[in-house]
Amino acid sequence: MLKVSIYIPCYNVEKWVARCIEGVLRQTHRVDEILIIDDGCQDRTIEIASQYPVRTVRHERNRGLAAARNTGFRNAGNELVAALDADLVPEANWLENLVKCFEDEKVGGAGGRLVEMVLDSVADKWRKAHMTQDWGDSHVINPPFMFGNNSIIRKSVVQDVGWYDERFRTAGEDADLSRRIRAKGYNLIYEPGAVVRHFRHDSVGSILDAYWRYWRFGSCAYFGNITLKAVLRNLWYSHFRWHFVRVLRQDWRYKNYELLWLDVLLLMYMPYRDLRLFLNSERTLNVIAFT
């Protein structure tokens, strides 16, 4: 049986961490070690996690998701390193189904399917409609990218491609690493039989914030100072023509009428966040100039 290390990135996840660890302990493929990456938790996360057979690796301060992933890999004792976000609960055969993908030496990583379990609010339903984290019902070789929330990657592959880019603090680190893994000639596998259940609850504010961060630092992957010209350009080409029109058409087509007002709010929120980023960049530059 192939040995697998698993790490769980944690930042104030006391609500979910126990259920996540218990799901790991129920796996039909035994987990060799469980690492809890304490990314500056200030709640009871570590107190709760310490009641289980885990090893905690602590960051002195919150460094973000990509840094937590790097810490997980660097401290893992095995070649196969699995990742599981704290708000997920894996089905018992999740790990078993992912490990099977590594019979082929060309496979650098494999990821499973995420099923949304909390659909209480409009924001939760909007997340399911427009921020799905799976590639459907079929086995896929080399999907657009591999979601980092439930996956296994060879430790040697992560080392080979230069680790996670730690500028990605909250989103986009998985898509960036996937691109570099594929560029090195490794294959990635999406295995829908490896299922995890997602227990996150969103408010309107949190889902809009998550969507903007995913676009700005994930698909857009831009870390420099934003210009006013870019803010205006994004308003038309990205936020109206792509984000707003696309989600509106989709919700109208599938008769998700209760989500339409959130689609409209998205059109106002995205440029608002861009403008805030521009103003903060300007203030930072002015402080540097007069220092």
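1. Both R58 and E60 are exposed. In this predicted model, their side chains nevertheless form a salt bridge, with an N to O distance of 3.2 Å. A search of the whole structure finds 21 salt bridges, and several others merit comment below.

2. R63 and E166 make a second such pair, at 3.3 Å from N to O. R63 belongs to the loop between β3 (55-58) and α3 (65-75), and E166 to the loop between α6 (155-161) and α7 (173-183), so this salt bridge ties together parts that are 103 residues apart in sequence. Both partners are partly exposed: R63 has a relative accessible area of 27%, and E166 has 32%.

3. The salt bridge between R69 and E173 brings the closest N and O atoms to 3.0 Å apart. R69 lies in helix α3 and E173 in helix α7, so the pair ties together parts that are 104 residues apart in sequence. Buried residues are those under 20% relative accessible area. R69, at 1%, is buried, and E173 counts as buried at 3% relative accessibility.

4. Charged side chains also form a network in this model. E116, D124, R127, R200 and D202 are linked through salt bridges. As a general matter, side chains of opposite charge can pair when their charged atoms come close.

5. As to the overall fold, the chain has 10 helices and 9 strands. Its radius of gyration is 20 Å, which agrees with the value near 19 Å that a compact globule of 291 residues would have. Along the principal axes, the C-alpha trace spans about 55 × 55 × 40 Å. Of the contacts in the chain with a separation of 6 or more, 78% are between residues 24 or more positions apart.

6. Burial and surface may be considered together. Buried residues account for 52% of the 291 residues. The chain exposes about 14200 Å², and carbon and sulfur atoms supply 54% of that area.

7. The largest nonpolar core has 35 residues, of which I6, I8, L84, W94, L95 and I152 touch the most other members. The elements that each supply at least two residues to this core include β1 (4-10), β2 (33-38), β4 (80-84), α4 (94-99) and β9 (187-198). Another core, of 21 residues, lies apart from it; V57, A66, F168 and L188 are among its members.

8. I8 deserves a closer look. Leaving aside neighbours within four places in sequence, I8 is in contact with C20, I21, I34, L35, I36, I37, L84, D85 and A86.

9. On the surface, L228, L232, L275 and L279 make a nonpolar patch of about 340 Å². The elements giving two or more residues to the patch are α9 (228-253) and α10 (260-289). L228 lies in helix α9 and is partly exposed, with a relative accessible area of 41%.

10. Two asparagines call for attention in the backbone geometry. N12 is not a glycine, yet its phi is positive, at about 55 degrees. N12 sits in the loop between β1 and α1 and is partly exposed, with a relative accessible area of 30%. N142 likewise has a positive phi, near 60 degrees. N142 is found in the loop between β7 (140-141) and β8 (150-154), where its relative accessible area of 24% makes it partly exposed.

How values were computed:
Residues are numbered from 1 along each chain as its sequence is written. This is a predicted model: local features need pLDDT of at least 70, side-chain atom pairs count only at pLDDT 80 or more; totals for chains, interfaces and linings use all residues. Side-chain values use heavy atoms; hydrogens and water are left out. Patches are made of residues with over 30% relative accessible area and no salt bridge: like charges are joined within 9 Å, nonpolar side chains (Val, Leu, Ile, Met, Phe, Trp, Tyr) within 5 Å. Accessible areas come from the Shrake-Rupley method with a 1.4 Å probe; for residues, only the protein chains shown count as cover. A salt bridge is a side-chain nitrogen of Lys or Arg within 4 Å of a carboxyl oxygen of Asp or Glu. Helices (H or I, at least four residues) and strands (E, at least two) are DSSP runs, numbered from the N terminus. Buried means under 20% relative accessible area, exposed over 50%, partly exposed in between (1.4 Å probe, protein chains only). The radius of gyration is taken over C-alpha atoms; the globule rule is 2.2 Å times the number of residues to the power 0.38. Contact means heavy atoms within 4.5 Å. A nonpolar core is a set of buried Ala, Val, Leu, Ile, Met, Phe, Trp, Tyr and Cys residues joined through side-chain atoms within 4.5 Å.
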